[in-house]
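Welcome! Below are some short exercises, each with a worked solution. Have a look at the chain first, then work through them at your own pace.

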Amino acid sequence: MKAIILLSIMTFLLISCDGNRSGSGIIRDKVTSQPIDKVKYFSLNDDQSVSFTDVKGEYYVYGPIGGCTPNCIDFDAEYSKEGYKTLIIRNPDGDIFLEKE
């Protein structure tokens with residue numbers, strides 16, 4: 001009987017686990033592959049504040065908290081900088097290449 005109760009509790013905890021997707025990488029110019037600084041980015045699915053890439057073009061973005069069983073909630077992130085086309089990516093992770101206007 002104790003085994004059934006323990007198994008039920010463990011199953012409930014696994015099903016109700018919360019988490020989120022995240023992504024990181026470098027924003028680069030599509031032609032030169034050089035990092036781009038001061039690119040504005042944010043998650044479109046969350047009330048997360050707006051962030052900017054550093055001088056190395058590095059970004060880190062995360063989606064909303066939600067259930068992750070069997071998969072975490074998808075999220076979209078927007079990347080923009082004056083002189084470049086705005087880009088929206090679902091579940092971004094790794095290097096991102098922006099194209100000039």
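**Exercise 1.** Are Tyr59 and Tyr79 buried or exposed?

*Solution.* A word on the material first: this is a predicted model, in which local features need pLDDT of at least 70, side-chain atom pairs count only at pLDDT 80 or more, and totals for chains, interfaces and linings use all residues. Residues are numbered from 1 along each chain as its sequence is written, and side-chain values use heavy atoms, with hydrogens and water left out.

Step 1. Buried means under 20% relative accessible area, exposed over 50%, and partly exposed in between (1.4 Å probe, protein chains only).
Step 2. Both Tyr59 and Tyr79 are buried. For Tyr79 the relative accessible area is 0%.

**Exercise 2.** Get an overview: how many helices and strands does the protein have, and where is confidence lowest?

*Solution.* Step 1. Helices (H or I, at least four residues) and strands (E, at least two) are DSSP runs, numbered from the N terminus.
Step 2. The protein has one helix and nine strands, in the sequence pattern α-β-β-β-β-β-β-β-β-β.
Step 3. For confidence, use pLDDT, the predictor's confidence in each residue, from 0 to 100. Its mean over the protein is 83, and 73% of the residues reach 70 or more.
Step 4. Confidence is lowest in helix α1 (residues 2–15), with a mean of 56, and highest in β9, at 97. Where pLDDT is low, the predicted coordinates should not be read in detail.
Step 5. Of the 101 residues, 31% count as buried.

**Exercise 3.** Find the two open sheets: what is the strand order in the sheet of four strands, and in the sheet of three?

*Solution.* Step 1. Two strands pair if DSSP finds at least two bridges between them.
Step 2. The four-strand sheet has the order β4-β3-β7-β8, with antiparallel pairing. Its edge strands are β4 (51–52) and β8, each pairing on one side only.
Step 3. The three-strand sheet runs β5-β2-β9, with mixed pairing. Here β5 and β9 (96–98) stand at the edges with a single partner strand each, so one side of each has no neighbour in the sheet.
Step 4. Within that second sheet, strand β2 (residues 22–29) and β5 run antiparallel and are joined by five bridges; Gly25 has Tyr59 in β5 as its bridge partner.

**Exercise 4.** Now follow strand β7: which strands does β7 pair with, and which way do its side chains point?

*Solution.* Step 1. On one side, β7 pairs with strand β3 (residues 40–43) in the antiparallel sense over four bridges, and Ala77 is the bridge partner of Ser43.
Step 2. Four bridges also join β7 to strand β8 (residues 87–90), again antiparallel. Here Asp76 stands opposite Arg90, and Ala77 has Ile89 as its bridge partner.
Step 3. β7 and β8 form a hairpin with six residues between them, and Gly83 in the turn has a positive phi of about 95°.
Step 4. In a regular strand the side chains alternate between the two faces of the sheet. From β7, Asp76, Glu78 and Ser80 point one way, while Ala77 and Tyr79 point the other way.
Step 5. Five of the five residues of β7 (residues 76–80) are buried, so the strand is largely enclosed by the rest of the structure.
Step 6. Take Ser80 as an example: at 13% relative accessibility, Ser80 counts as buried. Leaving aside residues up to four places away in sequence, Ser80 touches Val39, Lys40 and Thr86, where contact means heavy atoms within 4.5 Å.

**Exercise 5.** How many aromatic pairs are there, and which residues do ring pairs link into a cluster?

*Solution.* Step 1. Rings of Phe, Tyr and Trp (its six-membered ring) pair if their centres lie within 6.5 Å; planes under 30 degrees apart count as stacked, over 60 as edge-to-face and the rest as tilted.
Step 2. By this rule the count comes to three aromatic pairs. One of them joins Tyr41 and Tyr79, which are stacked at 6.0 Å centre to centre with 20° between the planes.
Step 3. Tyr41 lies in strand β3 and Tyr79 in strand β7, so this pair ties together parts that are 38 residues apart in sequence.
Step 4. The ring centres of Tyr59 and Tyr79 are 5.4 Å apart and their planes are at 75°, so that pair is edge-to-face. This pair also links distant parts of the chain, with Tyr59 in strand β5 (residues 58–62) and Tyr79 in strand β7, 20 residues apart.
Step 5. Ring pairs thus link Tyr41, Tyr59 and Tyr79 into a cluster.
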